[in-house]
Amino acid sequence: MPTSVTMPALGESVTEGTVTQWLKKEGDTVEVDEPLLEVSTDKVDTEVPSPVAGVLLKIVVPEDTDVEVGGELAIIGDPSEAGGDAPAAPAPAPAQEPLPEPEAPKAEAAPAPAAEPEPAAAPAPAAAASGTEVLLPELGESVTEGTVTTWLKAVGDTVEVDEPLLEISTDKVDTEIPSPAAGTLLEIRVAEDETTEVGSVLAIIGSGDAAAAAPAPEPTPAVKSEPEPAPAPAQAESTPTAPAPAAPEVAEAPVSAPAAPAPAAPASKPSGSYVTPLVRKLAADNGVDLAQVTGSGVGGRVRKEDVQALIDAKKAEAPAPAAAAPAKAAPAPAEVSPLRGRTEKMSRLRQAAAKALLQSMQTTAQLTTVREVDVTKVAKLRAAKKDEFLARHGVKLSFLPFFSIAAIEALQQYPVVNATMNMEEKTITYPEAEHVGFAVDTPKGLIVPVVKNAGDLNIPGLAKRIAEIAKKARDGGLAPDDLFGATFTITNTGSVGALFDTPIVPVGQSAILGTAAIVKRPRVINDPELGEVIAVRSVMHLTLSYDHRLIDGADAARYLEAVTKRIEEGNFEHQLGL
């Protein structure tokens with residue numbers, strides 16, 4: 001009896017998904033849990049596996065089509081259940097162009113051999129079952145899935161408790177998964193660049209004795225190997241994924257004569273093989289043409305490391321032309337971005353940010369107040385102490401810790417700016433601590449890691465924590481806890497020269513402080529001896545965006561006045577720890 005493949009539940013509040021790519025075509029033989037298609041939602045990109053073994057009789061939903069959770073995607077069954085289409089596939093194929101006739105031999109000869117190897121692979125999981133399962137842990141609020149980016153260990157490797165096994169990427173954080181037990185890595189259940197749900201089994205750790213059975217799963221991909229991919233060149237237009245698995249599969253299937261042309265197709269050709277969103281974005285951000293990348297993954301799949309290697313190679317070659325440039329050469333033309341004239345999929349991080357920012361604007365009444373601040377005293381103190389500070393504390397002394405101290409002290413004076421409101425319960429909550437988020441510009445996009453209990457830190461403590469979370473954000477080393485729990489946020493838009501900005505209040509908070517560029521300005525000051533005089537001063541704008549439902553304009557003005565006064569006094573030397 002045919003089996004219907006339906007759109008699975010793909011996380012809380014997700015009601016539909018888009019079919020982005022079919023990994024199998026009608027007439028292909030599939031195994032249980034073998035990936036059938038790739039689906040994209042507003043939260044995650046993932047693969048949908050086959051619920052049964054059999055033949056893909058019908059594709060119900062074409063690529064780039066939306067379908068609701070529970071909607072039918074395809075039908076899988078026995079070739080005899082194809083409604084007469086499958087039996088009509090014998091050799092007189094040339095007369096029936098719409099059908100992939102060369103696959104007819106597969107329907108007659110392939111099922112028996114394909115089913116046979118299955119029991120041979122079964123002993124390995126049985127041996128591994130006595131080991132310890134490595135599960136995908138919860139990786140933060142609302143995160144339901146993660147993508148395996150890199151396995152740091154291979155099957156057969158010995159591992160210790162808490163030794164990193166693999167790297168996982170989500171739409172919020174990249175992190176390492178440690179081993180829950182000491183032993184040998186017997187089995188890897190989720191391959192690199194594949195997405196899996198929280199709580200699913202990633203690998204099996206067991207004793208060294210059981211490791212002897214572990215190599216058995218490696219031939220598993222051959223179970224789904226069929227002679228039929230050989231005719232793939234004739235169907236390149238409708239089955240873009242066929243060329244990638246063709247080479248390895250033919251090598252395992254000596255039965256079929258049609259397999260002869262397959263070696264001509266390179267196994268690593270990435271243009272037709274599945275590429276994860278993570279790899280696509282890395283390539284797009286760095287102007288890498290995936291068609292020029294040789295994949296080192298299974299079946300020639302292009303992995304993140306393959307793209308990164310090409311990026312590094314291009315960077316290494318870049319300085320050579322510069323050295324040869326004449327001393328008085330004309331200015332080089334502005335570099336044109338490779339994104340020009342291009343359409344690409346949004347990354348999961350961009351989708352999540354877009355949703356959160358729109359939600360904030362639609363659910364809060366936002367207003368921005370701006371103050372001009374004289375930072376001359378802070379600038380002089382920093383210039384005088386930055387070398388000594390670096391030598392003593394091992395971290396550079398920027399302006400941000402000074403401004404953060406002033407902002408946090410003002411939060412303690414005016415806690416309404418640090419508070420949150422609940423309209424349903426008609427309550428206002430004033431936190432007992434200041435957990436400050438700091439916006440960080442990273443290659444993946446804007447990330448806001450959090451310094452917990454920032455009010456307990458002095459300038460060296462804040463400088464170290466800010467530098468630490470910023471580096472982790474750019475290197476992909478943030479833990480889930482680093483991204484949640486902020487009660488207030490500071491964003492430094494002045495780092496790229498902005499005079500001032502009107503930042504959007506993050507969801508779940510009531511205010512955000514923006515620090516702008518520091519510039520030299522003529523300003524009227526009150527000199528004790530000369531009275532009012534014009535002098536050159538270092539000046540900056542502070543902007544406070546806030547939820548006007550909770551914070552009145554007077555509250556915002558008083559808060560900014562307190563921050564401004566603290567900065568202009570410049571009395572921070574006792575907090576430098578020198």
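Buried means under 20% relative accessible area, exposed means over 50%, and partly exposed lies in between, with a 1.4 Å probe and protein chains only. The model is predicted, so local features need pLDDT of at least 70 and side-chain atom pairs count only at pLDDT 80 or more, while totals for chains, interfaces and linings use all residues. Residues are numbered from 1 along each chain as its sequence is written, and side-chain values use heavy atoms, with hydrogens and water left out.

**Exercise 1. A salt bridge between two loops**

Task: Find the salt bridge between E163 and K153, and say which parts of the chain the pair ties together.

Solution:
- Step 1. Start with the criterion: a salt bridge is a side-chain nitrogen of Lys or Arg within 4 Å of a carboxyl oxygen of Asp or Glu.
- Step 2. Check the pair: E163 and K153 meet through their side chains at 2.7 Å, N to O.
- Step 3. Place both residues. Helices (H or I, at least four residues) and strands (E, at least two) are DSSP runs, numbered from the N terminus. E163 is in the loop between β11 and β12, and K153 is in the loop between β10 (145–151) and β11, so the bridge ties together parts ten residues apart in sequence.
- Step 4. Add the accessibility: K153 is buried, because its relative accessible area is 19%. E163, at 22%, counts as partly exposed.

**Exercise 2. More salt bridges**

Task: How many salt bridges does a search of the whole structure find, and which residues do salt bridges with shared partners join into one network?

Solution:
- Step 1. The search of the whole structure finds 17 salt bridges.
- Step 2. One of them pairs R189 with E187, with the closest N and O atoms 2.8 Å apart. R189 is partly exposed at 38% relative accessible area, whereas E187 is buried at 10%.
- Step 3. Another joins E573 to K385, with 3.3 Å between the closest N and O atoms. This pair links distant parts of the chain, with E573 in the segment after α13 and K385 in helix α10, 188 residues apart. E573 counts as partly exposed at 46% relative accessibility.
- Step 4. Shared partners join E372, D374, R523, R537 and E568 into one network of salt bridges.

**Exercise 3. Helix α11 and the core**

Task: Is helix α11 largely enclosed or open, and which element gives the most to the largest nonpolar core?

Solution:
- Step 1. Look at the helix length: α11 has 14 residues and reaches 20 Å from its first C-alpha to its last, close to the 20 Å expected at 1.5 Å a residue. The expected span is 1.5 Å times one less than the number of residues.
- Step 2. Check the burial: eleven of the 14 residues are buried, so α11 is largely enclosed by the rest of the structure. Among them are L400, F402, I405 and L411.
- Step 3. Turn to the core. A nonpolar core is a set of buried Ala, Val, Leu, Ile, Met, Phe, Trp, Tyr and Cys residues joined through side-chain atoms within 4.5 Å. The largest one has 48 residues, and those touching the most other members are F402, V417, F438, F488, L544, Y559 and I567.
- Step 4. Name the contributor: α11 gives the most to this core, with nine residues.
- Step 5. Set this beside a general tendency: in soluble globular proteins, nonpolar side chains tend to be buried together.

**Exercise 4. The surroundings of L411**

Task: Which residues does L411 touch, not counting residues up to four places away in sequence?

Solution:
- Step 1. Locate the residue: L411 sits in helix α11 (residues 400–413) and is buried, with a relative accessible area of 2%.
- Step 2. List the contacts, meaning heavy atoms within 4.5 Å: L411 touches V417, N418, E434, F488 and Y559, leaving out residues up to four places away in sequence.
- Step 3. Follow one partner: F488 is 77 residues from L411 along the chain, yet their C-alpha atoms are separated by 9.0 Å.
- Step 4. Follow another: beyond its neighbours within four places in sequence, V417 contacts residues including L411, F488, L544 and Y559.

**Exercise 5. Positive phi in two loops**

Task: Where do D162 and K426 lie, and are they buried or exposed?

Solution:
- Step 1. Recall the background: most residues other than glycine have a negative phi.
- Step 2. D162 has a positive phi of about 70° although it is not a glycine. D162 lies in the loop between β11 (158–159) and β12 (164–169) and counts as exposed at 55% relative accessibility.
- Step 3. K426 has a positive phi near 55°. Its place is the loop between β18 (420–422) and β19 (427–429), and K426 is exposed at 73% relative accessible area.
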